[in-house]
Amino acid sequence: MKKNQLKETLVGFAFILPSFIGFMVFMVYPFFNSLMMSFMEWDMFAGFAGSKFVGLENYINVFKNEYFVTGLINNLKMLFIAVPILLILSLIVATIMNTAIFGRGILRTTYFMPYVTTVTAAAIVFVALFHEEFGPVNGILRSLGIENIPGWLSNPEIALITIMIFWIWRMLGYCILIYLAGLQNISTTYYEAASIDGASGWQKFRYITFPLVSPTTFFLAITMGIFSLSMMAEVRVMTNGGPGKSTYTMTLAIYQQAFQKYEMGQASAIAIIFLLIVLSITLLQWIGQKKWVNY
């Protein structure tokens with residue numbers, strides 16, 4: 001019996017070994033390497049021998065870096081504005097699509113296509129659509145007689161809003177698909193009982209649909225929150241952080257500090273701070289979910 005248990009245990013370890021090695025090589029080692037570099041003035045060409053220990057100096061300098069501070073503020077705007085709008089829109093659309101409407105399968109595919117399209121391709125198309133002079137969006141606005149046409153990506157006041165619109169459009173299909181899975185797990189008997197009691201459509205949504213999809217909302221709030229904080233490719237393609245610093249993000253600050261200024265120590269410090277921010281927000285969501293998530 002013991003030999004069989006040992007054999008099963010070894011087989012189990014053999015199955016997880018490739019994933020474990022990948023996790024150690026691509027996750028654990030880079031983390032500790034970045035943590036070490038964050039306390040050093042790191043020379044990426046000379047390596048450890050050509051670098052020196054500076055303690056908390058990199059962390060202090062990070063908060064003096066106006067680009068990082070601006071990126072942090074922009075990321076928080078994405079988190080607290082774009083993510084709630086995305087979740088509300090996707091829940092509304094998913095609720096409508098969960099009913100027997102014509103062309104439901106085609107609509108699902110249409111909504112999901114932006115998500116499976118590469119970020120670069122989707123961003124380039126979006127830039128063309130919202131081009132200040134030749135874009136069809138401004139062309140439609142001109143045809144409607146609107147004179148003050150906005151420079152969607154060239155105006156510092158609305159450039160971040162434009163990127164939020166793009167991000168919501170791209171993530172909407174994924175959230176709708178996840179919400180549809182949650183909605184289809186709700187028993188129809190709840191709605192039938194509510195109809196017998198004379199509940200309106202809004203009351204059914206408020207007291208049945210919304211509470212019973214709260215675990216799905218919780219999952220999407222965490223994942224979309226992390227995605228919004230780690231957004232970089234969209235900004236890199238569409239504005240590269242401009243105009244000025246209006247669309248700068250923390251991940252873009254990490255990239256530019258590391259691979260344009262070659263300040264690997266400060267880039268590592270930003271990465272560690274970024275990790276702590278993500279973990280803190282996720283922890284707060286886990287604590288808060290006890291009050292509003294119904295399993």
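Helices here are DSSP runs of H or I with at least four residues, numbered from the N terminus, and with that in mind the tour can start in a loop of this predicted model.

**Stop 1: the loop between helix 11 and helix 12**

Select Asn240 first, which sits in the loop that joins helix 11 to helix 12. Although Asn240 is not a glycine, its phi is positive, at about 55 degrees, and with a relative accessibility of 34% the residue counts as partly exposed. Stay in this loop, between helix 11 (233–238) and helix 12 (250–259), and select Pro243; the peptide bond that leads from Gly242 into Pro243 is cis, with omega near -10 degrees.

**Stop 2: the loop between helix 12 and helix 13**

Now select Tyr262, which is found in the loop between helix 12 and helix 13. Here again is a residue that is not a glycine and yet has a positive phi, of about 55 degrees, and its relative accessible area of 44% makes Tyr262 partly exposed.

**Stop 3: helix 3 against helix 13**

Select residues 66–97, which form helix 3, together with residues 264–292, which form helix 13; their axes come within 13 Å and cross at roughly 25 degrees. Because angles under 35 degrees count as roughly parallel, helix 3 is described as roughly parallel to helix 13, and the crossing of these helices is right-handed. To see the contact itself, show the side chains of Phe68, Leu72, Leu76 and Leu79 in helix 3, which meet Ile270, Ile273, Ile277 and Ile281 in helix 13. By class, the residues of this contact of helix 3 with helix 13 are eight nonpolar, no polar and no charged.

**Stop 4: helix 3 against helix 10**

Keep helix 3 selected and add helix 10 (residues 214–229), which packs against helix 3 at an angle of about 140 degrees, with the axes 9 Å apart. This crossing of helix 3 and helix 10 is also right-handed. On the helix 3 side, display Asn75, Met78, Leu79, Val83, Leu86 and Leu87, and on the helix 10 side Thr217, Leu220, Ala221, Met224, Gly225, Ser228 and Leu229, since these are the residues that meet. The contact of helix 3 with helix 10 comprises nine nonpolar, four polar and no charged residues.

**Stop 5: the largest nonpolar core**

Which residues touch the most other members of the largest nonpolar core? Among the 60 residues of that core, they are Leu86, Trp167, Ile176, Tyr179, Met224, Met238 and Met250. Helix 7 (residues 159–183) contributes the largest share of this core, with 14 residues. Apart from this core lies another, of six residues, and Met37, Met40, Met264 and Ala267 are among them.

Centre the view on Met250 next: leaving aside neighbours within four places in sequence, Met250 is in contact with Phe68, Gly71, Leu72, Asn75, Leu229, Ile270, Phe274 and Ile277.

**Stop 6: a threonine in helix 7**

Is Thr162, a residue of helix 7, buried or exposed? With 0% relative accessibility, Thr162 counts as buried, and beyond residues up to four places away in sequence it touches Phe126, Phe130, Trp152 and Leu153.

**Stop 7: back along helix 3**

Return to helix 3 and select Ile88, which at 53% relative accessibility counts as exposed. A distance drawn from the C-alpha atom of Ile88 to that of Cys175 comes to 9.9 Å, although these residues are 87 residues apart along the chain.

Then select Thr95, also in helix 3, where a relative accessible area of 24% makes this residue partly exposed. Thr95 and Tyr179 are 84 residues apart in sequence, and their C-alpha atoms are 8.1 Å apart in space. Not counting residues up to four places away in sequence, Thr95 touches Leu183, Phe205 and Thr209.

**Stop 8: the loop between helix 8 and helix 9**

Finish at Ala199, in the loop that lies between helix 8 (188–196) and helix 9 (201–212). Ala199 counts as partly exposed, at 24% relative accessibility, and its contacts, leaving aside neighbours within four places in sequence, are with Ala194 and Lys204. For a last distance, connect the C-alpha atoms of Ala199 and Ser280, which lie 81 residues apart along the chain and are separated by 40 Å.

Notes. Residues are numbered from 1 along each chain as its sequence is written. This is a predicted model: local features need pLDDT of at least 70, side-chain atom pairs count only at pLDDT 80 or more; totals for chains, interfaces and linings use all residues. Side-chain values use heavy atoms; hydrogens and water are left out. Axes are lines fitted to C-alpha atoms, for helices over the stretch in contact, and angles run from 0 to 180 degrees between N-to-C directions. Helices (H or I, at least four residues) and strands (E, at least two) are DSSP runs, numbered from the N terminus. Angles under 35 degrees count as roughly parallel, over 145 as roughly antiparallel, 65 to 115 as roughly perpendicular and the rest as oblique. A crossing is left-handed if the near helix is turned anticlockwise from the far one by less than a right angle, and right-handed if clockwise. Contact means heavy atoms within 4.5 Å. Ala, Val, Leu, Ile, Met, Phe, Trp, Tyr, Cys and Pro count as nonpolar, Asp, Glu, Lys and Arg as charged, and the others, Gly among them, as polar. A nonpolar core is a set of buried Ala, Val, Leu, Ile, Met, Phe, Trp, Tyr and Cys residues joined through side-chain atoms within 4.5 Å. Buried means under 20% relative accessible area, exposed over 50%, partly exposed in between (1.4 Å probe, protein chains only).
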